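Open the model in your viewer and keep the sequence panel beside it. This tour goes stop by stop: select, look, move on.

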Amino acid sequence: MQRRTILHAGAALGLAALSPQLFAASKIKPDAKSALIVVDVQNCFLEGGTLAVKGGNEVVPVINKLSTVFENIAVTQDWHTAGHASFASTYSGKKPFETTKLTYGTQVLWPDHCVQGTDDAAVSKDLKLPTAQLIIRKGFHKEMDSYSAFEEADHKTATGLAGYLKARGIKTVYVTGLATDFCVAWTAMDARKAGFAACVIEDATRGIDLDGSLAAAWKQMTAKGVKRIQSTDILST
Ligand SMILES: [Zn+2]
């Protein structure tokens, strides 16, 4: 009995030594039905921008690396008119980060940012995505914001991204960019609503975290079936 136990233990040890891949978590391999979505990595949200996200620049090298393993990549740009409904400066007596009620619900008021055609609204020059196939612009209706790359803030007006991805046969989206608790979260949750599997690659995002909004966003995303993963779940180094 004792000898048999020892033999079994030895066999198990031998298996572990010969087949380490059996004991390591397997990597996610993006395929032709997977798309990387790069949300709002624009000058306005990076260091020195009009609405800089803390640590925002740190997502750039991670996204550049991720882009090498995706054959489908779509980029989004926040693209506001001057005097946009989401700007505090549009309302007398309002300051950035306060809120107001608009026809579609509560709107956080932001500093003026990502105004169409300005350098502030340009995609970061450090982002190297030569294989990206689509740039989708959002938030261009003066009276309505659009955190999500799929639907504007009324939860009705489509940007066209879902149709594009479906026509291309995409089933799973991997969302990266800025900011985790606003445009990334809304994009990932609306991806689920549109019928896609959705993952947020956490270390390829940074949050604004306004009054606990980052933890709240993760909770909402999890409830909607968005998976929280890290770039190391995909990349081998
Ligand atoms: Zn905006």
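Which residues coordinate the zinc ion, and through which atoms? Select the zinc ion to find out. Asp78 (OD), His80 (NE2) and His113 (NE2) coordinate the zinc ion, at 2.0 to 2.1 Å. Keep in mind throughout that this is a predicted model.

**Stop 1: the zinc site**

Follow the donors in the sequence panel. Their spacing reads D-x1-H-x32-H. Aspartate 78 sits in strand β2 (residues 73–78), and histidine 113 in the loop between β4 and β5. These two are 35 residues apart, so the pair links distant parts of the chain. Colour both by accessibility. Aspartate 78 is buried, at 3% relative accessible area. Histidine 113 counts as buried too, with a relative accessibility of 3%.

**Stop 2: the disulfide**

Step along to cysteine 114, in the loop between β4 and β5. Show its side chain, then add cysteine 44. The sulfur atoms of cysteine 44 and cysteine 114 are 2.0 Å apart, and the two residues form a disulfide. How many disulfides are there by this rule? The count is one.

Now zoom out to see what the bond connects. Cysteine 44 lies in the loop between β1 (34–39) and α2 (59–66), while cysteine 114 lies in the loop between β4 (105–108) and β5 (134–138), so the disulfide ties together parts 70 residues apart in sequence. Are its two ends buried or exposed? Cysteine 44 is buried, with a relative accessible area of 0%. Cysteine 114 is buried as well, with a relative accessible area of 0%.

Select cysteine 183 next. Its closest cysteine sulfur is that of cysteine 114, 8.7 Å away, which is too far for a bond because a disulfide needs sulfur atoms within 2.5 Å. Cysteine 183 counts as buried, at 6% relative accessibility. Add cysteine 199: this residue is buried, with a relative accessible area of 8%.

**Stop 3: backbone oddities**

Switch to a backbone view. Most residues other than glycine have a negative phi, and most peptide bonds are trans. Three places to check follow.

- Cysteine 114: phi is near 50°, a positive value in a residue other than glycine.
- Aspartate 209: phi is near 55°, again positive in a residue other than glycine. Aspartate 209 is in the loop between β7 (197–206) and α5 (213–223), and counts as partly exposed at 41% relative accessibility.
- Leucine 178 and alanine 179: a cis peptide bond joins them, with omega about -15°. Alanine 179 is in the loop between β6 (172–178) and α4 (180–193).

**Stop 4: helix α5**

Select α5 and look down its axis. Which residues of α5 are buried? Ser213, Ala217, Trp218 and Met221 are. Seen down the axis, the buried residues fall within an arc of 135°, so they line one face of the helix. Rotate to the other side of α5. Ala215, Lys219, Thr222 and Ala223 are exposed there.

Turn back to the buried residues and show their surroundings. They pack against α4, β7 and β8 (227–229). Then walk off the end of the helix. Glycine 225 follows α5, and its phi is positive, near 85°.

**Stop 5: the nonpolar core**

In soluble globular proteins, nonpolar side chains tend to be buried together. Here, the largest nonpolar core has 62 residues. Pick out Val38, Leu66, Leu165 and Met221, the residues with the most contacts inside this core. The helix α4 supplies its largest share, seven residues.

Centre on leucine 165. What does leucine 165 touch, leaving out residues up to four places away in sequence? The contacts are Ala35, Ile37, Phe150, Ile170, Val173 and Phe196.

**Last stop: the whole chain**

Zoom out and show the cartoon. The chain has five helices and eight strands. Along the sequence, the order is α-β-α-β-β-β-β-α-β-α-β-α-β. Of the contacts in the chain with a separation of 6 or more, 75% are between residues 24 or more positions apart.

Finish with the surface. Of the 237 residues of the chain, 46% count as buried. The accessible surface comes to about 12100 Å², and 57% of that area belongs to carbon and sulfur atoms.

How values were computed
Residues are numbered from 1 along each chain as its sequence is written. This is a predicted model: local features need pLDDT of at least 70, side-chain atom pairs count only at pLDDT 80 or more; totals for chains, interfaces and linings use all residues. Side-chain values use heavy atoms; hydrogens and water are left out. Helices (H or I, at least four residues) and strands (E, at least two) are DSSP runs, numbered from the N terminus. Buried means under 20% relative accessible area, exposed over 50%, partly exposed in between (1.4 Å probe, protein chains only). Donors are N, O and S atoms within 2.8 Å of the metal (3.2 Å for Na, K and Ca); water is not among the atoms, so sites may look incomplete. The arc is that of the directions from the helix axis to the C-beta atoms. Contact means heavy atoms within 4.5 Å. A nonpolar core is a set of buried Ala, Val, Leu, Ile, Met, Phe, Trp, Tyr and Cys residues joined through side-chain atoms within 4.5 Å. Accessible areas come from the Shrake-Rupley method with a 1.4 Å probe; for residues, only the protein chains shown count as cover.
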